[in-house]
Amino acid sequence: MNLLEHLNPEQLAAVTLPNQPALILAGAGSGKTRVLTTRIAWLIQTGNVSPQGVLAVTFTNKAAREMTTRLAAMMPINTRGMWIGTFHGLCNRLLRAHFRDAGLPQLFQILDTQDQLSAVKRVLAGMNADTDKFPPKQVQYFINDAKEEGQRAKDVPIHDDMSRRYAEFFAAYDEQCQREGVVDFPELLLRSYELLSKNQILREHYQRRFSHILVDEFQDTNRLQYRWLKLLAGSAEAAAQGREPNVVLAVGDDDQSIYAFRGANVGNMADFERDFKVQNVIRLEQNYRSFGNILNTANALISNNTNRLGKNLWTDAGEGEPVRVYEAATDGYEAHWIAEEVKSLVAEGHMRSDIAVLYRSNAQSRVIEHALFSQGIAYRVYGGLRFFERQEVKHALAYLRLLANADDDGAFLRVVNFPTRGIGARSIEQLQDAARAAGCSLSAAVPMLSGKAGASLGNFARLIEGLREQTRELMLPEVIEHMLERSGLMAHYRAEREGADRLENLSELINAGAAFIQEADGVIESGDLAAFLAHAALEAGDNQAAEGKDAVQMMTIHAAKGLEFHAVFVTGIEEGLFPHEQSVMQNDGLEEERRLMYVAITRARTRLYLSFTQQRLLHGQTRYNVPSRFLDELPAELLKWLTPRMQGRGQGAYGASASAQSWGGGYGSSAAAGSGTASSSAAAAASASFGAGKTSERGGGWRIGQSVQHAKFGQGVIVSAEGSGSDARLQINFGRAGMKWLALEYAKLTAV
Ligand code: ATP
Ligand code: MG
């Protein structure tokens with residue numbers, strides 16, 4: 001059977017396991033996903049299960065698509081109707097199919113994180129809550145955490161006034177969502193969990209249907225997801241009814257658990273072993289993805305974590321190339337260098353899509369995009385630019401949401417006066433009061449108003465009603481096009497000086513609608529528009545550039561989980577950015593960051609680049625960086641420095657290569673890197689800036705103008721710097737104690 005041909009003995013055993021619960025616990029690149037996918041194919045091919053009897057969960061839409069594609073390549077089956085997807089995607093599907101039982105309108109809308117926050121704000125405003133005391137974001141976290149624990153407002157433990165208030169907000173928020181026919185992300189899960197647990201007929205239907213349940217990236221499931229899985233597995237019920245229990249295969253790697261901040265719970269692995277009485281814990285130890293140097297770099301890094309289940313990973317692929325390390329003067333140079341390296345990789349014949357640029361924070365992507373773009377290198381951003389989260393796209397989606405569901409107050413408020421049509425805040429307030437008093441939605445309350453407010457709001461209501469009429473018979477792309485024109489959005493952005501991009505994005509939305517119909521291939525379950533809106537909310541950010549075009553893959557490390565590439569750039573490996581400054585304070589935060597770094601490194605097959613910068617502009621601020629501690633944790637003999645190797649913090653090449661590009665300001669720094677190679681211009685810039693004496697001194701993050709404290713001289717301000725390495729000296733004005741030159745090496749300064 002050729003399905004089984006390229007499997008090692010442990011993988012073969014896992015693929016062909018008899019029908020028992022099993023856990024595969026294995027490191028990166030050991031073939032976990034391959035085993036899971038092959039097992040599905042094998043089960044179907046051997047007649048153990050029909051394609052409809054499989055439920056497979058993965059972590060991202062990209063991974064789900066990949067799995068479906070691989071399955072289709074392995075055997076001639078129609079994968080379209082198969083239940084392969086993310087938890088959110090599958091729950092969405094379940095709720096759409098049983099909207100009535102779930103207590104939802106047929107065309108319920110999904111709120112993304114941003115929409116949810118505005119919904120929370122409206123609740124708080126409606127309840128006259130003091131938002132200093134109860135920040136909307138906190139309330140949002142509270143609600144989401146509770147839902148992820150499977151709790152409703154009535155289940156939340158109340159121990160003081162504070163928790164009582166939170167529970168009240170939660171209740172009011174849920175009421176508002178229900179009234180408006182919208183659900184947030186955690187609600188998708190909780191609602192379908194409740195649907196299945198309360199409705200015995202449905203539950204048994206799905207329990208009988210999904211005789212095989214397979215979960216990839218199991219280490220990142222949260223509590224509610226685990227309970228959802230348990231419910232569908234229905235072991236106890238099967239036993240009571242004398243059925244064979246459903247077979248659950250969970251696949252994961254504790255070292256790659258990187259979603260604790262969203263409630264992921266590695267403890268689910270141990271619970272799974274216990275709850276399902278797992279006899280089979282399968283370990284895969286051979287890594288097939290990466291060459292030895294890359295793998296050993298990853299192994300060395302992760303060995304610094306104490307909280308591990310412990311695994312060995314080896315490869316017989318040979319050492320391969322050394323891991324390349326690059327220090328750049330600024331983020332602009334880092335980006336420019338990446339573009340140059342990408343060009344030579346492409347010249348060597350590698351696909352752009354086999355090259356990934358990874359970053360810790362979305363905000364890092366802009367400079368890199370700029371550099372790739374100016375070099376004419378096609379790229380695609382996953383999750384970053386968030387097409388569906390752009391202002392103009394959200395406006396357009398709000399109109400579509402109103403077409404699908406007039407009671408969607410969030411959408412109503414977003415566009416009632418956009419483009420401006422003379423509806424003032426006062427009128428909207430009156431409308432909100434009327435709606436609150438009558439316990440109905442904003443659009444239902446419009447006829448209750450009279451006078452000027454009634455007239456102007458009435459016009460808006462008629463506009464929406466008219467659009468709904470006019471588009472009833474149209475195909476999705478035409479609906480979108482018609483809406484864009486009639487709503488006045490197109491005209492608005494045409495008149496805007498900087499509107500060209502936005503117009504382009506709006507046209508792109510029409511394309512997205514067309515592509516959506518094509519992809520769905522007629523299997524859309526309940527109304528094009530609602531399905532498309534759900535897709536937009538679920539995929540926010542996926543599929544940036546033209547599909548099918550060979551493009552460099554850009555994404556956060558979180559989004560790269562499970563993927564692999566010929567060459568990988570891990571950028572911005574700097575203290576404060578990676579590990580992220582917020583994480584260092586948290587319990588297990590640093591270990592989670594290290595796991596994230598482990599995930600990043602293990603994405604690379606052949607070539608791995610690690611880079612950091614001396615200064616970077618982030619969130620509008622110039623930051624002077626110290627290289628990440630993670631770099632110190634890598635075995636020196638496996639690394640190849642492309643720039644002079646740093647001699648420890650605050651000294652050597654590192655202290656000397658200060659740079660002045662970002663004095664030019666803003667992202668212009670990346671444009672400034674346009675001539676020569678990045679490193680040579682960096683060097684030039686460094687000497688220039690020292691000569692001019694108006695730069696940042698890099699030793700340990702010192703910079704001109706910075707306030708410092710000295711044991712003997714007291715407080716002072718750094719005025720200038722000269723020399724490098726152990727010769728580096730700082731000139732400091734100590735005020736009363738006068739101006740001093742101090743050798744950096746001995747000065748013992750602390751920042752103020
Ligand atoms: P991650 O932890 O990153 O999700 P994984 O354990 O899921 O990794 P896979 O993505 O399934 O690993 O496999 C890594 C790579 O190794 C893939 O390219 C896969 O095709 C290849 N591979 C897996 N097993 C074998 C094998 N027995 N022979 C050859 N190649 C293999
Ligand atoms: Mg995998």
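## Close-up views of a predicted model

**Figure 1. Helices H5 and H7 cross at an angle of about 115 degrees.** In this predicted model, the axes of helix H5 (residues 113-126) and helix H7 (residues 161-180) lie 9 Å apart where the two pack. The crossing of H5 past H7 is right-handed. Which residues make the contact? From H5 come Gln 116, Ala 119, Val 120, Arg 122, Val 123 and Leu 124, while H7 brings Phe 169, Ala 172, Tyr 173, Gln 176 and Glu 180. Sorted by character, the residues of this H5 and H7 contact are seven nonpolar, two polar and two charged.

**Figure 2. Asn 128 sits in the loop between H5 and helix H6 (136-148).** Here is a residue for anyone who likes to check backbone torsions. The phi of Asn 128 is near 50 degrees, a positive value in a residue other than glycine. Is Asn 128 buried or exposed? Its relative accessibility is 72%, so Asn 128 counts as exposed.

**Figure 3. Lys 277 also has a positive phi, of about 50 degrees, although it is not a glycine.** This lysine belongs to the loop that runs between helix H12 (267-275) and strand E8. Lys 277 counts as exposed because its relative accessibility is 62%.

**Figure 4. Six strands form an open sheet with parallel pairing.** Reading across the sheet, the order is E3-E2-E6-E7-E1-E8. Which strands stand at the edges? They are strand E3 (83-85) and strand E8 (280-282); each has a single partner strand, so one side of each lacks a neighbour in the sheet. From one strand to the next, the twist averages 10 degrees. Within the sheet, strand E1 (residues 22-25) and strand E7 (residues 247-252) are joined in the parallel sense by four bridges, and Leu 25 stands opposite Gly 252 in E7.

**Figure 5. Helices H2 and H4 pack on the six-stranded sheet.** Helix H2 (residues 32-45) touches E1, strand E2 (54-57), strand E6 (212-215) and E7. The direction of H2 makes about 165 degrees with that of E6. Helix H4 (residues 87-97) touches E2, E3 and E6, and its direction makes about 140 degrees with that of E3.

**Figure 6. The largest nonpolar core has 48 residues.** Those with the most contacts inside this core are Leu 400, Phe 412, Phe 460, Ile 480, Met 483, Leu 484 and Phe 532. Which helix gives the most to the core? Helix H16 (residues 391-404) does, with nine residues. Take a look around Phe 460: leaving aside neighbours within four places in sequence, Phe 460 is in contact with Tyr 399, Leu 402, Phe 412, Val 415, Val 416, Arg 421 and Ile 423. A second, separate core has 43 residues, including Val 57, Leu 90, Leu 95 and Ile 110.

**Figure 7. Strand E11 (residues 379-382) is covered on both faces.** In a regular strand, side chains alternate between the two faces of the sheet. In E11, Tyr 379 and Val 381 are buried on one side, and Arg 380 and Tyr 382 are buried on the other. E11 runs parallel to strand E12 (residues 552-556), and four bridges join them. Val 381 has Met 554 of E12 opposite.

**Figure 8. Two cis peptide bonds precede Pro 419 and Pro 579.** The bond joining Phe 418 and Pro 419 has omega of about -10 degrees. Pro 419 is in the loop between helix H17 (409-415) and helix H18 (425-438). For the cis bond from Phe 578 to Pro 579, omega is near 5 degrees. Pro 579 lies in the loop between strand E13 (565-570) and helix H25 (581-585).

**Figure 9. Ala 317 touches Ser 290 and Phe 291, not counting residues up to four places away in sequence.** This alanine is found in the loop between helix H13 (292-302) and strand E9 (323-330). Ala 317 and Ser 290 are 27 residues apart along the chain, and their C-alpha atoms are separated by 7.5 Å. Ala 317 counts as partly exposed because its relative accessibility is 39%, which falls between the limits of 20% and 50%.

Methods: Residues numbered from 1 in each chain as written. Chains lettered and ligands numbered in written order. Predicted model: local features only at pLDDT ≥ 70, side-chain atom pairs only at ≥ 80, totals over all residues. Heavy atoms only, no water. Core = buried A, V, L, I, M, F, W, Y, C linked by side-chain atoms within 4.5 Å. Buried < 20%, exposed > 50% of the residue type's maximum accessible area, 1.4 Å probe, protein only. Contact = heavy atoms within 4.5 Å. Axes fitted to C-alpha atoms, helices over the stretch in contact; angles between N-to-C directions. Left-handed = near helix turned anticlockwise from the far one by under 90°. Nonpolar A, V, L, I, M, F, W, Y, C, P; charged D, E, K, R; others polar. Pairing = 2+ DSSP bridges.
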